[in-house]
Amino acid sequence: MDGTARRKPQAPPGRPRRFGIAVRITLGLSVMALLVLLIGGVSMSSFRLFRAEVAALSTNTLPEVITSAELHGSLQKLVAQLPQLAAAASTPQRRSIYDGLVTELDSMQLLVARMRGLMKEGDPGAGERDGNVRLLEQTRSTLLILAATVADLNAEVTRQIEYGDRQAEAARALSRLAAAIESMPDTGAWAARIGALMARAAGATQLDHLSRLKGEARSAERTLAELARLSGGAPDPTGQMMSTVQEELFSLLVAPGGLFESAIDRLQARNRAQALTGQAQVLVETVERSTRTLYDSIRDQSAERTDALAALIAERTRTVMVLAGTSLLLAVCVYFFFRRFLSTRLVAMNRAVLARLSGSRQSPHCGIAAAGRPGRADQPVPVDQPVPIPVDGDDEITDIGASIRYFIEEIDRRQQALADNERRFRDLVEGSIQGIVIHRDFHVLYANDSFAAMLGMTVAEVVALPSLLSVVAVTERQALIEGYDRLLENGQSTPRRRIRACRSDGAGLWVELTGRRVDWMDGPAIQAVVVDVTREVEAEHALRQSRDAAERALDELKATQASLIQAEKMASLGQLVAGVAHEVNTPIGITITGASQLQALIGELSDRHTANALKKSDFQRFLSDGMEMASLILSNSTRAANLVQSFKLVAVDQSSDERRPFLLRDYIDELLRSLHPTYKARTALTIDVACPADLELDGYPGALSQILTNLIMNALVHALDPEQPGRIAIAARLLGPDMVELSVGDDGNGIAPDVLPKIFDPFFTTRRGAGGSGLGLHIVYNLVTGRLHGTIGVESRPGEGTRFTLRFPRVTAGA
């Protein structure tokens, strides 16, 4: 085919621009897009209005309704508590009720302020809202007056309770005086008038009439004056006794703070409290009317806004429905337009193309009948002419028809090239050194010579196999089936997999295969590439056996090392136990001797006391000897207790992994006290500790105890001679806020340069024949770097001593 035939038809020059398919589609879609935009705009506008109204309801109206309801509820609590305050009979009751009233008043003030803020955020131009603001201001001012009234009422109730307590105290004193008068000798008329006066006073204090109470007080004062004259004329000592009783009665009844004055003050305070209670109730009623009016107004406004929102939703819904109906009608029109001028012609072109590619001769109308006109499918089809590609019209479909002609011819050419490539591919696969097999449900569809040779068969024998699973080990079959299902499902190539297979002669072999899904003979199948890797698997198996043997040997070595380390720790703890036990024996023995001696002294003193032969000198000697024995017992018991306490602290820490905060200086002192029995025989040894008293660590004291014990014992065994003077220095300081430096040094023999790099190695010791295990410093290194998350370094010169320096966090991280 020449180049002229392959070019698409071009419009003649000078012809006006045509009204093509693209313009028609663009016009129809533009009209539909405009309607969609219009619907979207109306919907977005409606949504904004709806959201604004809902926001106003949720942020202003609804909180205002809730706040007004809460205000009304607080007011009801206030109404219930006001009479209780006026009727309070004790100070705790009065204080509890008053605190509740103050809390409710504060809550109401906060609710009023909250509602005022909500109204400020609303529409400032609404007339009803301005009326609500005025009601709020009126309520706020009334609440302020009510708070002051409640405070005054509380003060009056306080005074009423105070005067009542004072009156009760005077009444009790009057009762005691009456009991005392009954025991006095008979004084005739004077005693009768005293009794009558006390009875009148007791009855007068129960009066609720202020004027009558004051009259009774003046009458009692006159009676007391007359009794004073009677007692003045009586002979002593009766007259003096009567005068004393009259004076005490005067102070109890009519003196300032007496019974009558307390009753009068209590009654006045009660009257003022009743007046204040009435005033508070009036204020509460005023607030209640205001809050109820406010609640009704806010509720009406909420109902109006809700109705307006419902009307808005209904109106916009109708608008959107009208626009949606219009869009649907336009879509139907566009559909029929496209069917008439576009889809019908395209279906006819498609049928013609299929007929051309199949090589048959059909009418161009056949495709149209199959696509949408079943009635024409039974008409006779002429077969005397080839089916042409329809290219009638002057639009893009015409151009497509011309292009399809070109592509059909190009497809014919490429099919011929594809057949040639397929022949070359088959030659390549047949000659491959890797096994290639294609199967469906493990039934062989194709296999090359290399795959058949791996199994010791011919290609025909492989194809005749009932299933490829018959040449695979039983343990591998389920995995192969699952892989086959996954490969058919997702179509992704599987990674390389080794399986055990068997040859036709019964010999086993290992193969490595990969698979992928292919289309073979009108259906999906699996292509597998198989490589014989028997030699590689055998070599890997031998290498794996050697590695497993080495790992077992390493595990046994680690277990042995761990048991030796544990034995070393227990040996150190046992040495500490033995030293402390020996050290505790001496004070305990002295304590027992002193206790037995004190028991003998007490027995001797008891015998003399029984025989009535106890002398002052014997008792003094017993006191002196007993005090001496008690001091001896106390000092030695304290010494033993301190040793045991120190040992207990250090031993428990060494045998457990408990984490806790502790003071470093105190813990070092406790550790040295526990270790003292191991070096007390070395009188020339000095151990100095330089550590701040307030340096506190949060970590594992048991690990630190084990570290210091090993370093000190290492210095005693290796560095310092028992007969020579020696010094061990322990120093600690802070390096910044979170890091601690702890050093343990001695002035002993030092470490040789060739030995120094090996001291932390396990089982390395210079005293192999003298009982050394070589694990002490190895344990120290593991504890510092592992448990304490720190570092350890060593400096040493032969003859000048050794210094170990530890640096670790003040707060140890968790394990």
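The buried residues of helix α13 pack against four strands: β1 (435–440), β3 (497–502), β4 (508–519) and β5 (524–532). That packing is a good way into this predicted model, whose protein chain holds 18 helices and 12 strands. Helix α13 also turns up in the lining of the second largest pocket, where it gives the largest share, eight residues. Here is the tour, starting with the chain as a whole.

**The whole chain**

- Of the 815 residues in the protein chain, 35% are buried.
- Take the contacts between residues at least 6 apart in sequence: 69% of them join residues at least 24 apart.
- The chain has an accessible surface of about 46500 Å², and carbon and sulfur atoms account for 57% of that.

**Helix α13 and its packing**

- Helix α13 runs over residues 474–490, and its 17 residues should span 24 Å at 1.5 Å a residue; the end C-alpha atoms sit 26 Å apart, which agrees.
- The buried residues in α13 are Glu476, Leu480, Gly483, Tyr484 and Leu487.
- Those buried residues lie on the same side of α13, because they cover an arc of only 110 degrees around the axis.
- As background, an α-helix has 3.6 residues a turn, so residues three or four places apart point the same way.
- Right after α13 comes Gly491, with a positive phi near 75 degrees.

**The second largest pocket**

- This pocket has a volume of about 580 Å³.
- Its lining is made of 31 residues, and the ones nearest the centre are Phe442, Leu480, Arg497, Leu513 and Ala528.
- Leu480, then, is both one of the buried residues of α13 and one of the residues nearest the pocket centre.
- Six elements supply at least two lining residues each: β1, α11 (449–454), α13, β3, β4 and β5.
- Phe442 sits in the loop between β1 and β2 (443–447).
- Is Phe442 buried or exposed? Its relative accessibility is 10%, so Phe442 counts as buried.
- The backbone at Phe442 deserves a look too: phi is near 65 degrees, a positive value in a residue other than glycine.

**Trp510 on strand β4**

- Trp510 belongs to strand β4, one of the strands that the buried residues of α13 pack against.
- With 23% relative accessibility, Trp510 counts as partly exposed, because the buried class stops under 20%.
- Which residues does Trp510 touch once its neighbours within four places in sequence are set aside? The contacts are Arg498, Ile499, Arg500, Val531, Asp532, Val533, Thr534 and Val537.
- One of those partners, Ile499, is 11 residues away in sequence from Trp510, with the two C-alpha atoms 5.9 Å apart.

**Enclosed space**

- Rolling a probe the size of a water molecule over the atoms shows where empty space is left.
- Searching the whole structure turns up three cavities of 30 Å³ or more.
- The largest cavity holds about 50 Å³ of space.
- Around the largest cavity are Phe662, Leu697, Gly699, Tyr700, Pro701, Leu704, Leu788, Phe808, Pro809, Arg810 and Thr812.
- Three elements give two or more residues to that lining: β8 (696–699), α17 (701–719) and β12 (801–809).

**Helix α18**

- Helix α18 covers residues 776–787; its 12 residues reach 16 Å from the first C-alpha to the last, close to the 16 Å expected at 1.5 Å a residue.
- Buried residues in α18 are Gly776, Leu777, His778, Ile779, Val780, Leu783 and Val784.
- His789, just after α18, takes a positive phi of about 55 degrees.

**Two more residues to look up**

- Thr142 is found in helix α4, which covers residues 127–182.
- Thr142 has a relative accessible area of 9%, so this residue is buried.
- Beyond its neighbours within four places in sequence, Thr142 is in contact with Leu283, Thr286 and Val287.
- Asn612 lies in the loop between α14 (534–610) and α15 (616–655).
- Asn612 counts as exposed because its relative accessibility is 73%.
- Phi of Asn612 is positive, near 55 degrees, in a residue other than glycine.

Definitions and conventions. Residues numbered from 1 in each chain as written. Predicted model: local features only at pLDDT ≥ 70, side-chain atom pairs only at ≥ 80, totals over all residues. Heavy atoms only, no water. Expected span 1.5 Å × (residues − 1). Buried < 20%, exposed > 50% of the residue type's maximum accessible area, 1.4 Å probe, protein only. Arc of directions from axis to C-beta. Contact = heavy atoms within 4.5 Å. Areas by Shrake-Rupley, 256 points an atom, 1.4 Å probe, with all protein chains shown as cover. 1 Å grid on protein atoms, 1.4 Å probe; cavity = no way out; pocket = protein on both sides within 12 Å on 5 of 7 lines; lining within 4 Å. Points joined across faces, edges and corners; volume = space filled by probe spheres on them.
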